[in-house]
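Here is a quick tour of a protein model, strand by strand, with a stop at the backbone oddities. Have the viewer open and follow along.

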Amino acid sequence: MTSHTVRLEEGGFVPFFRSYTKTWVHAVATAGLTAFGTLTIVHRWFAGLALAMYVVPPIVLYLRQRGRLEDGSDSRAVDSPEATRREHSEPDDERPPSEGERQADQNDASPVGWNTTETPTDATLHDVTVTKSNAGYAVGDGGIVLSSDGNEWDAVLEDGPAAKGTDLRGVAATADGEAIWIAGDSGVLGRIDGETGRHTNYTAPEDITDNWLGVAVGGSSGDERVLLITGSGAVVRGRYRAGTVDWAGPDKPGSGSSLCAIALADAAVGYCCDTNDAVFETTDGGESFERIGLEGVDGTLTDIATRGHEDCAVSDDTGIVHRYDGSTWTPDRVVDGSLSGLARHMDRTVACAGDGSVFERQSPGAEWDRFDTDTAGSLLAVSLGPARAVAVGEGGTVVEHS
């Protein structure tokens, strides 16, 4: 069970009850509610017993913990998995805190850690990018495009670049962060000027109306390399110069299995992966690809990130990140569950998961730190900038690292 702790002084009963629902006490109370509720067919008085079975425990536990707080003792939620584990382990003054415990303390001390940010939409957000200047852009269902310069998130587009409300799947920025490309279903494609916010519609390049499952951009604004991937395993490449785009392709790097992710380190070097455990490298901006792996993967690849030539990593839906150093693939288990998004910047790597958690490691070979966010839905994508990290997911969820 995931550890979850809440301080009473940070919100009172509501966050306490949210934590309480993750404990064994709540599980027992729920079972009692169901059992006695069923017995109401025998006698209606069982309804009162069922209600008491469910309502009384959290109230008693909350009052007990409030009393501890007023006495100056530990303010963590009673009977949380983390608290229970600590009560039955070595005394705190005889055992130094583990990395996971230090990380949990960081999560409790807002604003350190990953925190949910309000957005003007409840649409699922499928992808996000953080630019060189730490501006954030997120895209999702219905053609929604959100942006943030570090403060509030605002809607740049509400129905996509073609104004048809088509779902958007991918977003990527140029190296200087001054141009942002967005792509999605039915060939929808657009470019946003990062300075003015003005967008240009490039939907259906070369009359291709396939669903774009991802987009990668290399180079600086005004001389951009754009790569798009499809569910039929094809890559379409474009060169943007002086307001026009020259398109080429589609070309299939592999067998035709659906491509699930693509990333460019610069205008020449990049990687893509498919749902058949194949990873491909390009060193000429997408004109050609060479397969570099991957063999013996139990799950399905979900995302890819790169820092340059012979340096990439891919995540899969069994909770493993596979690192490539130019000759060898090294698997690294992060969690017993699915990883949905992966990002790298300098030595830092971040992954997000379907249960709403985020995993970080500050340098190669370091331990992974887990952050449990308060989002109720899945996180689907994550991006890193020089001084900002953002993950997005279901229900318009945006969580950011402070």
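Val279 has Gly293 in β17 as its bridge partner. That match sits in a predicted model, where β16 and β17 pair in the antiparallel sense over 3 bridges. Zooming out a little, the two strands belong to an open sheet of 4 strands, ordered β14-β15-β16-β17, with antiparallel pairing. The edges are β14 (259-264) and β17 (290-293), each of which pairs on one side only. On average, neighbouring strands in this sheet are turned by 25° against each other, direction ignored.

Gly293 is also part of a backbone oddity: a cis peptide bond joins Gly293 and Leu294, with omega at about 15°. Leu294 is found in the loop between β17 and β18. There's another cis bond between Gly249 and Pro250, where omega is about 10°. Pro250 lies in strand β13, which covers residues 244-251. For context, most peptide bonds are trans.

Back to β16, which spans residues 279-282 and includes Thr282. Is Thr282 buried or exposed? Thr282 counts as buried because its relative accessibility is 1%. Its side chain makes a polar contact with the side chain of Asp284, at 2.9 Å. Setting aside neighbours within four places in sequence, Thr282 is in contact with Ala268, Val269 and Gly270, and also with Glu287, Ser288 and Phe289.

Just ahead of that strand comes Asp277, placed in the loop between β15 (270-274) and β16. Phi of Asp277 is near 65°, a positive value in a residue other than glycine. With a relative accessible area of 15%, Asp277 is buried. Glu310 also has a positive phi without being a glycine, this time about 55°. Glu310 is in the loop between β18 and β19, and at 36% relative accessibility Glu310 counts as partly exposed. As background, most residues other than glycine have a negative phi.

Now for the cysteines. How many disulfides does the model have? The count comes to 0. Why do Cys260 and Cys273 not make one? The closest cysteine sulfur to that of Cys260 is in Cys273, 3.6 Å away, and that is too far for a bond, because a disulfide needs the two sulfur atoms within 2.5 Å. Seen from the other end, Cys273 is in no disulfide, and the nearest cysteine sulfur is that of Cys260. Their surroundings can be described too: Cys260 is partly exposed, with a relative accessible area of 21%, while Cys273 counts as buried at 0% relative accessibility.

Here are the accessibilities of the residues visited so far, side by side:

| Residue | Relative accessible area | Class |
|---|---|---|
| Thr282 | 1% | buried |
| Cys273 | 0% | buried |
| Asp277 | 15% | buried |
| Cys260 | 21% | partly exposed |
| Glu310 | 36% | partly exposed |

Further along the chain, there's an open sheet of 4 strands in the order β18-β19-β20-β21, with antiparallel pairing. Its edge strands are β18 (301-308) and β21 (329-333), and each pairs on one side only. Neighbouring strands here are turned by 20° against each other on average, again ignoring direction. Inside the sheet, β19 (residues 311-316) and β20 (residues 320-324) pair in the antiparallel sense over 4 bridges. One cross-strand match to look for is Cys312, whose bridge partner in β20 is Tyr324.

Earlier in the sequence, β4 (residues 145-148) and β5 (residues 154-157) pair in the antiparallel sense over 3 bridges. Leu146 stands opposite Ala155 in β5. The two strands form a hairpin with 5 residues between them, and Gly150 in the turn has a positive phi of about 120°.

What does the whole chain add up to? Its secondary structure comes to 5 helices and 28 strands. Of its 402 residues, 49% are buried. Take the contacts between residues at least 6 apart in sequence: 45% of them join residues at least 24 apart. On the outside, the chain exposes about 18,200 Å², and carbon and sulfur atoms supply 48% of that.

How values were computed:
Residues numbered from 1 in each chain as written. Predicted model: local features only at pLDDT ≥ 70, side-chain atom pairs only at ≥ 80, totals over all residues. Heavy atoms only, no water. Buried < 20%, exposed > 50% of the residue type's maximum accessible area, 1.4 Å probe, protein only. Polar contact = N/O pair within 3.5 Å; in protein donor to acceptor, adjacent residues only side chain to side chain. Contact = heavy atoms within 4.5 Å. Pairing = 2+ DSSP bridges. Axes fitted to C-alpha atoms, helices over the stretch in contact; angles between N-to-C directions. Areas by Shrake-Rupley, 256 points an atom, 1.4 Å probe, with all protein chains shown as cover.
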